[in-house]
Amino acid sequence: MSKRSKAYRDASQLVDRSQLYSPIEAVRLAQKTASKNTDSTIDVVFKLGVDPRHADQSVRSTVILPHGTGKTARVLVFANGDKAEAAREAGADIVGGDELIEEVMGGRQDFDAVVATPDLMGKVGRLGRVLGPRGLMPNPKTGTVTMDVVKAVSDIKGGKIEFRVDKHANLHTVIGKASFGDDKLLENFQAVLDEVQRAKPSASKGRYIIKAAISATQGPGIPVDAAAKADK
């Protein structure tokens, strides 16, 4: 087991793990415990009361963060003809059809989000083992399999993120950068929390959000009271 850095140990001393912090206290503490050398990403992780082994308890959705992620996503679009041109005009970073599918199959990874037109999904489906582990497989439910590539690209560039529960029932996503400040981080957190709650599967019984924590990249987890109103 590797030893934690002195910076991490110092930051950990600021966090009382025996208490639940309000959302505003948690985002403030996350900024305090963030690296002083870089503009750290601020993340949130939820432990959910679901069994992801059952399809009817899977949690997967998208949310547009009011203030974006702090990083402009690199969007790849699988499309041909007019749709390919429209995707380029909307700001897609990488656009193509069969050749691009082969490039991704061969290991190309310089993108953060993937959109595809329905007519290409028969071929894009072969990329499941490549895109699946990265959570990037296009899906109609999340608006990434669509003929409206302009809206899909614009939404992603504007701060739309996708999240899904993992096999351990943890759901992890970003809520911004340390430089955002209290208000923007709080509003982004609330947007994510609202959507996670809205996405609760009907098959999930008992307590749904078991626990939640906010943290800066490589910083300690800060227990947050997800039931508390995100007041400033």
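**Reading helices and strands in a predicted model**

Seven of the 10 residues of helix α2 (residues 23-32) are buried, so α2 is largely enclosed by the rest of the structure.

Me: Which residues of α2 are buried, and what do they pack against?

Reply: Bear in mind that this is a predicted model. The buried residues of α2 are P23, I24, A26, V27, L29, A30 and Q31, and they pack against the strands β1 (41-48), β8 (209-216) and β9 (222-223) as well as against helix α8 (182-198).

Me: How should I read the pairing of β1 with β7, and how many bridges join them?

Reply: The general idea is that strands of a sheet pair through backbone hydrogen bonds, in either a parallel or an antiparallel manner. In this structure β1 and β7 pair in the antiparallel sense over seven bridges, and one pair to look for is F46 with its bridge partner in β7, L171. Strand β7 (residues 170-177) has six of its eight residues buried, so β7 is largely enclosed by the rest of the structure.

Me: In what order do β3, β4 and β5 stand in their sheet, and is the pairing parallel or antiparallel?

Reply: These three strands form an open sheet in the order β4-β3-β5, with parallel pairing. Because β4 (94-96) and β5 (113-116) stand at the edges and each has a single partner strand, one side of each is left without a neighbour in the sheet. From one strand to the next the twist averages 15°. Strand β3 (residues 75-78) pairs with β4 in the parallel sense over three bridges, and within this pairing F78 has G96 of β4 as its bridge partner.

Me: Which helix packs on that sheet, and which strands are touched?

Reply: Helix α7 (residues 149-157) packs on the sheet, where it touches β3 and β5, and the direction of α7 makes about 165° with that of β3.

Me: How do I describe the way α3 and α7 lie against each other, and at what angle do their axes cross?

Reply: Two packed helices are described by the angle between their axes together with the distance between those axes. Here the axes of helix α3 (residues 81-90) and α7 come within 8 Å and cross at roughly 25°, and since angles under 35 degrees count as roughly parallel, α3 is roughly parallel to α7. The crossing of α3 past α7 is right-handed.

Me: Which residues of α3 and α7 meet, and how do they divide by character?

Reply: From α3 come K83, A86, A87 and A90, which meet V149, V150, V153 and S154 of α7. The residues of this contact between α3 and α7 divide into six nonpolar, one polar and one charged.

Technical notes
Residues numbered from 1 in each chain as written. Predicted model: local features only at pLDDT ≥ 70, side-chain atom pairs only at ≥ 80, totals over all residues. Heavy atoms only, no water. Pairing = 2+ DSSP bridges. Helix = DSSP H or I, 4+ residues; strand = E, 2+ residues; numbered from the N terminus. Axes fitted to C-alpha atoms, helices over the stretch in contact; angles between N-to-C directions. Contact = heavy atoms within 4.5 Å. Parallel < 35°, antiparallel > 145°, perpendicular 65-115°, else oblique. Left-handed = near helix turned anticlockwise from the far one by under 90°. Nonpolar A, V, L, I, M, F, W, Y, C, P; charged D, E, K, R; others polar. Buried < 20%, exposed > 50% of the residue type's maximum accessible area, 1.4 Å probe, protein only.
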